[in-house]
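Trainee: Could you walk me through this one? I'd like to ask things as they come up.
Mentor: Of course, let's begin.

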Amino acid sequence: NGLLHLFSMFLKLYRAQIKATVVLQRHYRSYFLMKNQRCDLSGQIDEQQKRLKRYKRCKRYRKDFLILKYTAIVVQSHYLAYEARKLYRAQIKAAVVLQRQYRSYFLMKNQKGDLRRQIDEQQKRLKRYKERLNKCVTMIKKLLIEKSKEERLVGRDKSMQDRLRLRLFTTVQHGAFFTEQWTDGY
């Protein structure tokens with residue numbers, strides 16, 4: 001914006017100088033015509049020299065203006081290139097951030113699926129172990145029950161044998177009635 005403003009000021013200045021030159025030339029021409037009619041050849045030569053000096057000065061102003069114009073164009077093009085590079089870097093950074101976020105999301109999604117499968121496998125394995133444990137517990141219960149029945153039977157037989165050594169009454173069933181019977185020990 002500053003360069004454009006500077007350039008427009010130089011352009012306005014140049015146009016003002018051209019207008020001023022035109023006005024001066026018009027006045028000069030009218031003056032020159034009048035002087036030409038009454039002046040001699042030496043006056044015309046002096047006037048031509050002045051004109052030439054003015055022309056050279058105008059030419060120098062034009063050259064200065066063109067140099068300023070060229071430098072303004074160079075500065076503007078460099079500034080626009082700088083802005084384009086700045087925008088490009090910002091877009092690259094944004095793309096990198098988006099890619100990083102997408103990759104982390106995709107990785108998390110894959111890890112989530114892997115973890116979900118591992119959890120499912122562990123739950124199935126745990127269920128199988130529980131079933132196996134329950135089967136083992138029921139088998140142990142059955143074995144313990146059998147063992148305790150055996151031990152009770154063995155204990156009963158032993159107590160019966162020990163009882164038979166001593167003398168005692170035993171109840172015996174005869175039909176619908178129970179009777180006590182004396183048993184001698186040995």
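Trainee: In which helix do Asp114 and Arg117 lie, and how many residues apart are they?
Mentor: Both Asp114 and Arg117 belong to helix 2, which covers residues 41-165, and they sit three residues apart, about one turn of the helix. Helices here are DSSP runs of H or I with at least four residues, strands are runs of E with at least two, and both are numbered from the N terminus. Before we go on, keep in mind that this is a predicted model, where local features need pLDDT of at least 70 and side-chain atom pairs count only at pLDDT 80 or more, while totals for chains, interfaces and linings use all residues. Residues are numbered from 1 along each chain as its sequence is written, and side-chain values use heavy atoms, with hydrogens and water left out.

Trainee: What do Asp114 and Arg117 form, and how far apart are the closest N and O atoms?
Mentor: They form a salt bridge, and the closest N and O atoms are 2.1 Å apart. The term stands for a side-chain nitrogen of Lys or Arg within 4 Å of a carboxyl oxygen of Asp or Glu.

Trainee: Is Asp114 buried or exposed?
Mentor: Asp114 is partly exposed, because its relative accessible area is 35%, and Arg117 is partly exposed as well, with 48%. The cut-offs are under 20% relative accessible area for buried, over 50% for exposed, and partly exposed in between, using a 1.4 Å probe and protein chains only.

Trainee: OK, and how many salt bridges does the count come to?
Mentor: The count comes to two. Besides the bridge of Asp114 with Arg117, there is one between Arg54 and Glu47, whose closest N and O atoms are 3.8 Å apart.

Trainee: Is Glu47 buried or exposed?
Mentor: Glu47, which is found in helix 2, is buried, because its relative accessible area is 3%. Its partner Arg54 counts as partly exposed, at 23% relative accessibility.

Trainee: Which residues does Glu47 touch?
Mentor: Not counting residues up to four places away in sequence, Glu47 touches Tyr28, Phe32 and Arg54, where a contact means heavy atoms within 4.5 Å. Tyr28 also appears in the contacts of Arg51, which is in contact with Tyr28 and Arg29 once its neighbours within four places in sequence are left aside. Arg51 lies in helix 2, and from C-alpha to C-alpha it is 9.6 Å from Tyr28 in space, although the two are 23 residues apart in sequence.

Trainee: Switching topic, how many aromatic pairs are there?
Mentor: The count comes to three aromatic pairs. Among them, Tyr79 and Tyr82 form a tilted pair, at 6.5 Å centre to centre and with 40 degrees between the planes. Rings of Phe, Tyr and Trp (its six-membered ring) pair if their centres lie within 6.5 Å, and planes under 30 degrees apart count as stacked, over 60 as edge-to-face, and the rest as tilted.

Trainee: And where do Tyr79 and Tyr82 lie?
Mentor: Both lie in helix 2, three residues apart, about one turn of the helix. Another of the pairs, Tyr102 with Phe106, is stacked, at 6.1 Å centre to centre and 20 degrees between the planes. Tyr102 and Phe106 are also both in helix 2, four residues apart; Tyr102 counts as exposed, at 52% relative accessibility, whereas Phe106 is partly exposed, at 42%.

Trainee: Which residues form the nonpolar patch on the surface?
Mentor: Tyr79, Leu80 and Tyr82 form that patch, with about 340 Å² of accessible area together. Patches are made of residues with over 30% relative accessible area and no salt bridge, with like charges joined within 9 Å and nonpolar side chains (Val, Leu, Ile, Met, Phe, Trp, Tyr) within 5 Å. Accessible areas come from the Shrake-Rupley method with a 1.4 Å probe, and for residues only the protein chains shown count as cover.

Trainee: Last one: where is confidence lowest in the chain, and where is it highest?
Mentor: It is lowest in strand 1 (residues 168-174), at a mean of 74, and highest in helix 2, at 89. The chain as a whole has a mean pLDDT of 85, with 88% of its residues reaching 70 or more; pLDDT is the predictor's confidence in each residue, from 0 to 100. Where pLDDT is low, the predicted coordinates should not be read in detail.
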